[in-house]
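Got your viewer open? Let's walk through this model one selection at a time.

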4 protein chains.
Amino acid sequence: MSQRQSKTEEAGSREGERRRTILRAAIDVFARKGYHGCRIADVAREAGVAYGLVYHYFKNKDELLETVVETGWSGFISRLRTVVEGEGSSLEQKVRGIADVAFEAYRVDPRAVKVLILEVARSPAGTQIVSRQQAFLDTIRMAADMFRSAQATGELRADLDPMLCASLLVGSIELGLTAFVSGLMEDRSPEALERAKVQIAESFLHGVLPGAATSAEVSWKQERSSSGTRPKAGKRS
Amino acid sequence: MSQRQSKTEEAGSREGERRRTILRAAIDVFARKGYHGCRIADVAREAGVAYGLVYHYFKNKDELLETVVETGWSGFISRLRTVVEGEGSSLEQKVRGIADVAFEAYRVDPRAVKVLILEVARSPAGTQIVSRQQAFLDTIRMAADMFRSAQATGELRADLDPMLCASLLVGSIELGLTAFVSGLMEDRSPEALERAKVQIAESFLHGVLPGAATSAEVSWKQERSSSGTRPKAGKRS
Amino acid sequence: MSQRQSKTEEAGSREGERRRTILRAAIDVFARKGYHGCRIADVAREAGVAYGLVYHYFKNKDELLETVVETGWSGFISRLRTVVEGEGSSLEQKVRGIADVAFEAYRVDPRAVKVLILEVARSPAGTQIVSRQQAFLDTIRMAADMFRSAQATGELRADLDPMLCASLLVGSIELGLTAFVSGLMEDRSPEALERAKVQIAESFLHGVLPGAATSAEVSWKQERSSSGTRPKAGKRS
Amino acid sequence: MSQRQSKTEEAGSREGERRRTILRAAIDVFARKGYHGCRIADVAREAGVAYGLVYHYFKNKDELLETVVETGWSGFISRLRTVVEGEGSSLEQKVRGIADVAFEAYRVDPRAVKVLILEVARSPAGTQIVSRQQAFLDTIRMAADMFRSAQATGELRADLDPMLCASLLVGSIELGLTAFVSGLMEDRSPEALERAKVQIAESFLHGVLPGAATSAEVSWKQERSSSGTRPKAGKRS
DNA sequence: CATGAATGAGCGTTCATTCAT
DNA sequence: AATGAATGAACGCTCATTCAT
């Protein structure tokens, strides 16, 4: 930001570059072979740096994963929080916002999402360093709080368990993304992603909201039912 | 059951007993520490047998997991298939049946379900022996087929992607179970499980079915709002 | 020898049969895969008996080899001793007799010879149980004694080291046999073996005897140049 | 040799130094306890390096032996080839040259020769990696070719099998060396070695050459009978 | 900072040997 | 005698981590 940076800052940015290279390599390798299935050497090779350099920037293999997770997760969480805490927006908008954030994260960096899903979301409690395990659960809790508040304002049916609603939403989104990650969905175009996002959000809302139809439902149904060739997607004819 | 068993059966059952003991121990240990986080010694200790005996019954650590998975999965899948292929039952019934099977499996053997979820459903493709990875995807595909057929008969809205519907259903159930597995749900009583199951199925159906209310919805809502003792659950044989 | 055998002897012979079966299997397996390269299970399978039975007849794996060696070697050594100590026979006759014994042993049981050569003749001193190592060296020493005596009677040139003579003879015979064992000699017919035996003996005698030609040399040369049917071999009982 | 070495050479020699240290240790340990009788830990301890370093330089235990063999054997074979293909030298000279090479190799590094003899020359075919088994057989084949050529020029009697001649020569030399390796020969002084070498070569030549006496025989006999360091066998004064 | 050689604990697997039946 | 399940020490190999340069 300032015109001149101190030496430390310059070094920091240069150092940061290396650090980021390694982090990037770690994400790719973790996504490809999994945390347990790869060696530090794989990360170093992928990053094009010397073996030992990884240990200059990261205390150990675990911290490497920890950092990958925190980096990826913190951005995700903060964006999520912005959506969830958004004053003046309805539950509907918030739910759609959550789906937006998740699918956008996947669009921007699918491999990072894969790592977050595979290595963070699940994996035995015993092995887990607290922060990792917590990260994922916190997301669900955050959503649960949102649903609890919505119940207080009457936006959500009172007979539903907020924690379960959160699990359903997150589970739907996660397995929706997993369908792409795993190759179950053959069409991985941006349009297909967009459609999936909408279906997930609308189905969920439809399932849990008190009223019959959501406000966005009309346009959604119209869009979907009017033509078979997606006249509006435009991009890839 | 019969008064006398043939020698083969006796021997078979005796040998099978040990084998099953080890398998059981493997499930518990895998559930507790994860496949990568445990050693063969842990399994042996848990089973109360000598180190080498594990290798008498299983070729190696991987085959041990493979067997755990196949054993647990095959029963699950066959029960699932029975539900999905059930002639004369509506989509609604099938969806509820799927939730029944999944939650019943969890009720009977939560640790086995945990292993199946953690070690099978996800984990890097590279490491995976085909059968493992496939097992989970096949489940989703089976559900997708079910939804495709339902679209043909008009039971499911034509504007939904069947594969995505399958992902949503499976994802909802899986994360619902994960909420219990991970401890997010504090109340793990049979009643709480039952409630969760119903909520998941109904929310999903609500979300994707063409009509406004499902046939079970009235009683469901009543049940929920009137008492916590499930006066009507009835189903469970 | 007697008309009736005691129970013990009968049992002994039945027991001996099993024992011999296992021993035979051990020889074959050792010959095929080597002592270190095979497991007790291999021997048991080859013999068609149960795993544990091997341990009824032999204390451990090492004793099994020990027994193979002693059995095979003792007969060989005693036949050798008969030849070497033969009163009234010349050095020439003794040397030819040694070659006879060795090649006959190979003709009768090539695999046993292979084991003796591979597992006994050589192998690091440290590992060796005394008897094994000694067996082979004793053979050489026996031959050395023979040569020493022959020097005393003037049958062998005085300027040769008897121990070395023994090594040469044994080495020639052994590598001659190895040529067959290893497949270097393509023609493994009895005639080819016979010819090899003669060449080895004659070349050795030629090389170390004082005189120009050995007494058998004329007939040998004639035999070689005239016909392949060994008109004179005669010896073989 | 040059005053300055390039960095690469320095590094190469430093890395090579460690590698050679381990190789040296492997030779010594293999010679002492045999390939099967020693553990990697023994090699590491002998070399004075950490366990894992062995695996830094060699892929596995087998490659370690393979390298020992190839290193030792290649030099031996190439020297042998020089002798065998030597233009203008007679069969006599070549045979003596072969003995020279073999005994010189033993003089320079008896333990390496021991390993080559024990672990390479013999050992069950199944276990053998091709190169090992082949190495030894190639040596015999090389000698066989030499003898075949000698027959064509009349230097060797036509009635002898060249392959067998090769086996005899190699066998004589090998067991001659074995006599030293195994301790059968008590006197292992350079002079004793020299005498053994001469006796082996002369006896062999005597045995297979067409003429009565070899050209070197006179001097050989004189040397043996005249010299003051052992007037007449006299055992070990 | 950068490199990669060096270290050694950890773990999967083998297999000789014992033992209950 | 015969069987094969049970035992556990032994050992090869991996790989996270440290260290000298």
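Start with chain A, where 19 residues of domain 1 are in contact with 15 residues of domain 2 (contact means heavy atoms within 4.5 Å). To colour the two parts, select 1–58 for domain 1 and 60–226 for domain 2; these bounds come from an automatic or database domain assignment.

A quick note before going on: this is a predicted model, where local features need pLDDT of at least 70, side-chain atom pairs count only at pLDDT 80 or more, and totals for chains, interfaces and linings use all residues. Residues are numbered from 1 along each chain as its sequence is written, chains are lettered from A and ligands numbered from 1 in the order in which they are written, and side-chain values use heavy atoms, leaving out hydrogens and water.

Now look at the seam between the domains of chain A. About 1,500 Å² is buried there, with carbon and sulfur atoms giving 68%; buried area is the accessible area (1.4 Å probe) that two parts lose on being put together, summed over both. Select Phe30(A), Tyr35(A) and Phe58(A): in domain 1 they lose the most area to domain 2, together 41% of what that side buries.

Next, show the side chains of Asp28(A) and Arg111(A), which meet in a salt bridge (2.8 Å, N to O). The term needs a side-chain nitrogen of Lys or Arg within 4 Å of a carboxyl oxygen of Asp or Glu.

Last stop: select 162–181 in chain B, which is helix 8. Is it mostly covered or open? Mostly covered: 19 of its 20 residues are buried, meaning under 20% relative accessible area (1.4 Å probe, protein chains only). Just after helix 8 of chain B, find Gly183(B), whose phi is positive, near 90 degrees.

Terms used: Helices (H or I, at least four residues) and strands (E, at least two) are DSSP runs, numbered from the N terminus. The expected span of a helix is 1.5 Å times one less than its number of residues. Buried means under 20% relative accessible area, exposed over 50%, partly exposed in between (1.4 Å probe, protein chains only).
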